[in-house]
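Ready to work through a structure step by step? Have a go at each exercise yourself, then read the solution under it.

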Amino acid sequence: MKALVYRGPDNKAVEDRPKPELQAPGDAIVQITKTTICGTDLHILKGDVATCAPGRILGHEGVGVIDSVGAGVTAFRPGDHVLISCISACGKCEYCRRGMYSHCIAGGWVLGNEIDGTQAEYVRIPHADTSLYSIPQGADEEALVMLSDILPTGFECGVLNGKVAPGSTVAIVGAGPIGLAALMTAQFYSPAEIIMIDLDDNRLDVARRFGATQTVNNGDGTAVKKVRALTGGRGVDTAMEAVGVPSTFMLCQDLVAPGGIIANIGVHGSKVDLHLESLWSRNIAITTRLVDTVTTPMLLKTVQSKKLEPKLLITHRFRLGQILDAYDTFAGAASTRALKVIIEA
Ligand SMILES: [Zn+2]
Ligand SMILES: [Zn+2]
């Protein structure tokens, strides 16, 4: 089968790989129908993710059809259409029982990281019963690819951890797919203001269409001044970091109002200065989280009822054989205007 393989920093290739086989009774083999590329894959290719070894098939998002299941799988049968969660969870360990699937001792974020992922024709999913979701009949399967990772990530790490509330003020730093996913799901709670900050005017235009009340281009480095002007000098109740570089996390430290929360979403590959000398007395909280995907069933319902339209995030489509072009398009978003690219396997 064709697969996109990480060969080390700045090195990837399409390779011919054997079809995966069942290894444990809880496994399922899923034939991928649609997958996508994540900003996290770009972080892996930069060398930011030490757990991902060269030789790994990338990808942790997708939908597909069950090809085969191990003897221990009871919830799915061959032919079932499934949504693959980026987080694999045994459902039984202490962390799983606490709803922290991301830290499952026998799973977590392993797909396309510690085990082969979804940018291929087939993928092996461990703990299939608790790591896959049935796709409702008649659902738009392509749109549901956005529920593998980015929508639960934006919602859990940004909106829930950031305690977005009715009437609150929110700034989201980074208007890429994750920032936009946070923007879409923040609106469940009716905040008074959602200020989107980015360097790319196209992405800020998209953010306005998706419900941002204000947008700030920080190309001139004046975002703090502009946000203060928009918030009566206070700053914001929730500052979400949705990029994963030191400068954007530092910006969040300057944007947060007394009593506010900095909710980190980004994948960070290097250390960041924490300005505790100015934050210690301001009653702020900093949260970090790897998405647990505990909200995936809820998000599926909001998509079915059209409260959430993840399809809006899809800008480009490719075949699996063109996945290198898909990577170029996704990585070159400033010129291609890509948000999420769909890859058909
Ligand atoms: Zn991802
Ligand atoms: Zn577990």
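**Exercise 1. Work out the order of the strands in the six-stranded open sheet, and find its edges.**

Step 1: Follow the 6 strands across the open sheet, and you get E11-E10-E9-E12-E13-E14, with parallel pairing. Strands here (E, at least two residues) and helices (H or I, at least four) are DSSP runs, numbered from the N terminus. Two strands pair if DSSP finds at least two bridges between them.

Step 2: Look for strands that pair on one side only: these are E11 and E14 (285–287), the edge strands.

Step 3: Going from one strand to the next, the twist averages 20 degrees. That angle runs from 0 to 180 degrees between N-to-C directions, with axes being lines fitted to C-alpha atoms, for helices over the stretch in contact.

Before you carry on, note that this is a predicted model, where local features need pLDDT of at least 70, side-chain atom pairs count only at pLDDT 80 or more, and totals for chains, interfaces and linings use all residues. Residues are numbered from 1 along each chain as its sequence is written, while chains are lettered from A and ligands numbered from 1 in the order in which they are written.

**Exercise 2. Zoom in on E9 and E10: which residues stand opposite each other?**

Step 1: E9 (residues 169–173) and E10 (residues 193–198) pair in the parallel sense over 5 bridges.

Step 2: Threonine 169 sits opposite glutamate 193 of E10, and valine 170 sits opposite isoleucine 194 of E10.

Step 3: Now check the surroundings of E10. Since 5 of its 6 residues are buried, E10 is largely enclosed by the rest of the structure. Buried stands for 20 or more other C-beta atoms within 10 Å of a residue's own, exposed for 12 or fewer, and partly exposed for anything in between, with C-beta atoms placed from the backbone.

**Exercise 3. Place glycine 211 and list its contacts.**

Step 1: Glycine 211 is in the loop that runs between helix H7 (201–209) and strand E11 (214–217).

Step 2: Glycine 211 counts as partly exposed, because it has 13 C-beta neighbours inside 10 Å.

Step 3: Skip the neighbours within four places in sequence, and glycine 211 touches Leu183, Met184, Gln187 and Ile194. Contact means that the C-beta atoms of two residues, placed from the backbone, lie within 7 Å.

**Exercise 4. Find the buried face of H11, and then what covers it.**

Step 1: In H11 (residues 296–304), the buried residues are Thr296, Leu299, Leu300 and Val303.

Step 2: Look down the axis of H11: these residues fall within an arc of 105 degrees, so they line one face of the helix. The arc is taken from the directions from the helix axis to the C-beta atoms.

Step 3: An α-helix has 3.6 residues a turn, so residues three or four places apart point the same way.

Step 4: Turn to the face of H11 away from the buried side, and you meet the exposed residues Pro297, Met298 and Lys301.

Step 5: The cover over the buried residues of H11 includes strand E8 (132–134), helix H4 (141–144) and helix H5 (150–160).

**Exercise 5. Compare histidine 127 and lysine 306: is each one buried or exposed?**

Step 1: Histidine 127 has a positive phi, near 50 degrees, and lysine 306 has one of about 65 degrees. Most residues other than glycine have a negative phi.

Step 2: Histidine 127 lies in the loop between strand E7 (122–125) and helix H3 (128–131). Lysine 306 lies in the loop between H11 and strand E15 (314–319).

Step 3: Count the neighbours. Histidine 127 is buried, with 26 other C-beta atoms within 10 Å, whereas lysine 306 is exposed, with 7 C-beta neighbours inside 10 Å.

**Exercise 6. Describe how the two domains meet.**

Step 1: The domain assignment gives domain 1 (2–149 + 292–344) and domain 2 (152–287). Such bounds come from an automatic or database assignment.

Step 2: Domain 1 puts 19 residues into the contact, and domain 2 puts in 16 residues.

Step 3: On the side of domain 1 that touches domain 2, helix H1 (39–46) and H11 are the elements giving two or more residues. The largest share there, 4 residues, is from H1.
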